[in-house]
Amino acid sequence: METKSIMIVGVGGQGSLLASRIIGNVLLSQGFEVKVSEVHGMSQRGGSVVTYVKYGDEVNSPVIVKGEADIIISFEQLEAARWLPFLKKGGHLVTSTQKIDPMPVINGAAVYPDDIIGKIKAQGVDVIAVDALTLAEQAGTSKASNVVLMGVVSKKMQFEESVWQAALEQCVPAKFLELNKKAFALGRAAE
Amino acid sequence: MKKLMLGNEAFARGLYEAGCKIASSYPGTPSTEITEEVAKYDEVYAEWAPNEKVAMEVALGASVAGARSFCAMKHVGLNVAADPLYTAGYTGVTGGMVIAVADDPGMHSSQNEQDSRHHAIASKVMMIEPSDSAECKEFAKAAFDLSEQFDTPVIVRMSTRVAHSQSAVELCDRVEKDLIPYEKNIQKFVMMPGNAIRRHPQVEQRIEDIRKYAETSPLNRVEYNDTKIGVIAAGISYQYARDALGSKASYLKLGIVNPLPVEIIKDFCQKCETVYVIEQLDDIIETHCRKNGLNVHGKDTFSLLGEISQSIVREKILGETAEFTEFPENVPVRPPVMCAGCPHRGLFYCLSKLGVMVSGDIGCYTLGATAPLCAMDTTICMGASISGLHGFNKARGAESEKKSVAVIGDSTFMHSGMTGLVNIAYNATNSTVIILDNSITGMTGHQQNPTTGKNLKGDPAAAVNLVDLCHAIGIKSVRVVDPYHMAETEAVIKEELAKDEPSVIISRRPCALLKYVKHNPPLKCDHDKCVGCKQCLKIGCPAISIHDKKMTIDHTQCVGCGICTEMCKVGAIG
Ligand SMILES: Cc1ncc(C[n+]2csc(CCOP(=O)(O)OP(=O)(O)O)c2C)c(N)n1
């Protein structure tokens, strides 16, 4: 099988590491060779962060380059716009509708573009936009938007739901498991 | 069993399986998780040392004692530990000694982009470089065997993408290594001139012996496919090349990056039509090839700067570029910022308001240099804030002493700041030093340090009392402030700047991300009272923004620290 690429993008602190670990475990359980590349350190402090997941029969480079991602999962609208060039022609963009102003916007040095999702769709890109933050809060905490988005993405991939449930159990501490399962279910039912 | 593991986690597994007994490190991205992970194995004693020099000396001491030992650091950490490294090259080891050093091409989290291979060459110490997690584990184990076989410390060079990528690793059992009996050996371990002079030829002989070994070592391997293009690469660069070129090229993958073999490279170059050396940062393999009369492409094709990727290889060698969709408008950048509730914010707001020269240092607080605070004038390396301020004030005199401060974090102060403070006391400038004590090593992701009262395992430990320490150094005026109270903090800074003696201000409040720190409920802005004056924006809090001319607070980020309420003149925030 040709190597497939999934990118997870967002703002440092939004929980992209957990998301990539869940997907990584789903893929490993299906017998693929998997590489997951994370960002630690400086950019975790509220900067733009990106995590790469690649899988297939053989995976070499752990990073994804422009025009290579089959799926981009974005936790924030501006980040979806920023990383759009990494999407393959015909790829899918799954994004939360959450907006977080970056410091240049807060300072008035730059403007947050309006109607980002509309403008991306106008480029002919398949976009699934979900209010993951509200759904996460319904599940019990705003911190679970990452797992809500996993629920959404799970429908774009060919694996059984039970495989995702098993990965959740592996990656989430027991005391938060119920909450995260709820968040996942809300994501899966969304759209 | 196969498990997805970060390169750093797999490295730690390798240490465990190889029977490593002692690990001492100082954190630094992207090396930190190796030591955090190895600490989870009860069979390995692991600690955070105050700096890399101490860590390496601990590891060497443990090796002399007959144990397999380890230390880890980021690339710039090896500069700090260079002193023991260069002489450990002379003494050699008893138990195997492995040093992990993590380079950061692209400077994801670093103040420079140096190539640590230069240290291996200069110290004549063997260096090997893995290219994925499975190799991280295997190379860590091989490093111990090679260290003992050749009587040398062995450096394992990591890089950001290898350290922080997960791939599958097969787990094995630990092989316990008994302590090698201790024998006093003055000729080997007492490096005074008479002994060192006899060790030096052995160092030269050893590097030649290892070079011979490198000619046949399984750590270096050749993969022949189409021979029109030949690629010589090590570490992550090999992965980029394979990704881009697949079976369109042949590969010489080097696992041993110092010393480099000669014969297998010559042989490979002979069999391939055009040979590219693909290496990130400096042209070390390329220069070696040229020295041996081989005509290869290297930095004529690839940059000395930043990271390589599969797309760069594809473009430079095959002339292929990818198609992609661009967002039709300018996308504002999103630089890192101090977190909502960060205790450093209040302190930096005071400094920006006072307009003083700020001799800065490295940590989360370096973000005080970014807009809108812009309250930092210099950042060089860990510890340089304090010593640099002393030099600045010696150069510019008494006037300058009243208008300048140094800022340094608790971990950085213990690392190499306190020696600078000794210099201020001893060589007398009336400098003002601010220690930003957030009770943790923040930037690298929350490691304990000698001031926090806990050790690497989280168990209680002796805590350095910073006030007493500063007094003992000879600083009489030592004040403690809470940076959440900005008015008081500002007043204390002014008082200390005015004094005709050196002083230390300890700005003390735990990092808002620490688990034990209780947060207040998020604050709200009363839009009937808000006049849209934007005073609150001056503190650069990521939770605060202006929408429709009124301040809004992002409830998912706000931790209720309340410093914005001090900014608001109309009492709209509560
Ligand atoms: C020689 C060296 N070692 C390690 C690092 C990595 N590093 C950068 S800042 C830092 C420590 C920051 O901790 P602290 O001084 O307590 O400040 P905080 O981030 O908590 O504000 C470390 C370990 C480095 N830059 N240089």
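Helices (H or I, at least four residues) and strands (E, at least two residues) are DSSP runs, numbered from the N terminus. With that in hand, welcome to a few close-up views. This is a predicted model, in which local features need pLDDT of at least 70 and side-chain atom pairs count only at pLDDT 80 or more, while totals for chains, interfaces and linings use all residues. Residues are numbered from 1 along each chain as its sequence is written, chains are lettered from A and ligands numbered from 1 in the order in which they are written, and side-chain values use heavy atoms, leaving out hydrogens and water.

**View 1. Three loops of chain B hold backbone features worth a look.** Let us start with M107(B), in the loop between β5 and α6 (117-123) of chain B. Its phi is near 50 degrees, a positive value in a residue other than glycine. Most residues other than glycine have a negative phi, and most peptide bonds are trans. In the loop between β2 and α2 (32-38) of chain B you will find P30(B), and the peptide bond that leads to P30(B) from T29(B) is cis, with omega near 5 degrees. P259(B) sits in the loop between β12 and α12 (263-271) of chain B. N258(B) and P259(B) are likewise joined by a cis peptide bond, here with omega about -5 degrees.

**View 2. Seven strands of chain B form an open sheet.** Reading across the sheet, the order is β3-β2-β4-β5-β7-β6-β12 (chain B), and the pairing is mixed; two strands pair if DSSP finds at least two bridges between them. Why do β3 (45-48) and β12 (256-258) of chain B each have one side left without a neighbour in the sheet? Both strands stand at the edges with a single partner strand, so one side of each stays free of a neighbour in the sheet. From one strand to the next, the twist averages 25 degrees. Looking closer, β6 (residues 126-128) and β7 (residues 154-159) of chain B run parallel and are joined by three bridges. Within this pair, M126(B) stands opposite V154(B) of β7(B).

**View 3. Two helices lie across the seven-stranded sheet of chain B.** Contact here means heavy atoms within 4.5 Å. Axes are lines fitted to C-alpha atoms, for helices over the stretch in contact, and angles run from 0 to 180 degrees between N-to-C directions. Helix α1 (residues 7-17) of chain B lies across β4 (69-74), β5 (97-103) and β7 of chain B, and runs at about 160 degrees to β7(B). Helix α3 (residues 52-64) of chain B lies across β2 (22-25), β3, β4 and β5 of chain B, at about 165 degrees to β4(B).

**View 4. Helix α1(B) also packs against helix α7(B).** The axes of α1(B) and α7 (residues 133-150) of chain B are 7 Å apart, and the helices pack at an angle of about 35 degrees. Residues of α1(B) that take part include A10(B), F11(B) and L15(B), and among those they meet in α7(B) as a group are C136(B), A140(B) and F144(B). The contact of α1(B) with α7(B) divides into six nonpolar, three polar and four charged residues. In this count Ala, Val, Leu, Ile, Met, Phe, Trp, Tyr, Cys and Pro are nonpolar, Asp, Glu, Lys and Arg are charged, and the others, Gly among them, are polar.

**View 5. A pair of helices meets in chain A.** Here α1 (residues 16-29) and α6 (residues 145-154) of chain A cross at roughly 35 degrees, and their axes come within 9 Å. L18(A), A19(A), I22(A) and I23(A) of α1(A) meet N146(A), V147(A) and M150(A) of α6(A). The residues of this contact comprise six nonpolar, one polar and no charged.

**View 6. Residues of chain B make polar contacts with the ligand.** How many residues surround the ligand? There are 26, and the closest are E52(B), H344(B), D410(B), T412(B) and G442(B); a residue is near a molecule if one of its heavy atoms lies within 4 Å of it. A polar contact is a pair of N or O atoms within 3.5 Å. A polar side-chain atom of N438(B) lies 2.9 Å from an oxygen atom of the ligand. Backbone atoms take part too: a polar one of S411(B) is 3.0 Å from a ligand oxygen atom, and a polar one of I440(B) is 3.1 Å from a ligand oxygen atom.

Conventions
Polar contact = N/O pair within 3.5 Å; in protein donor to acceptor, adjacent residues only side chain to side chain.
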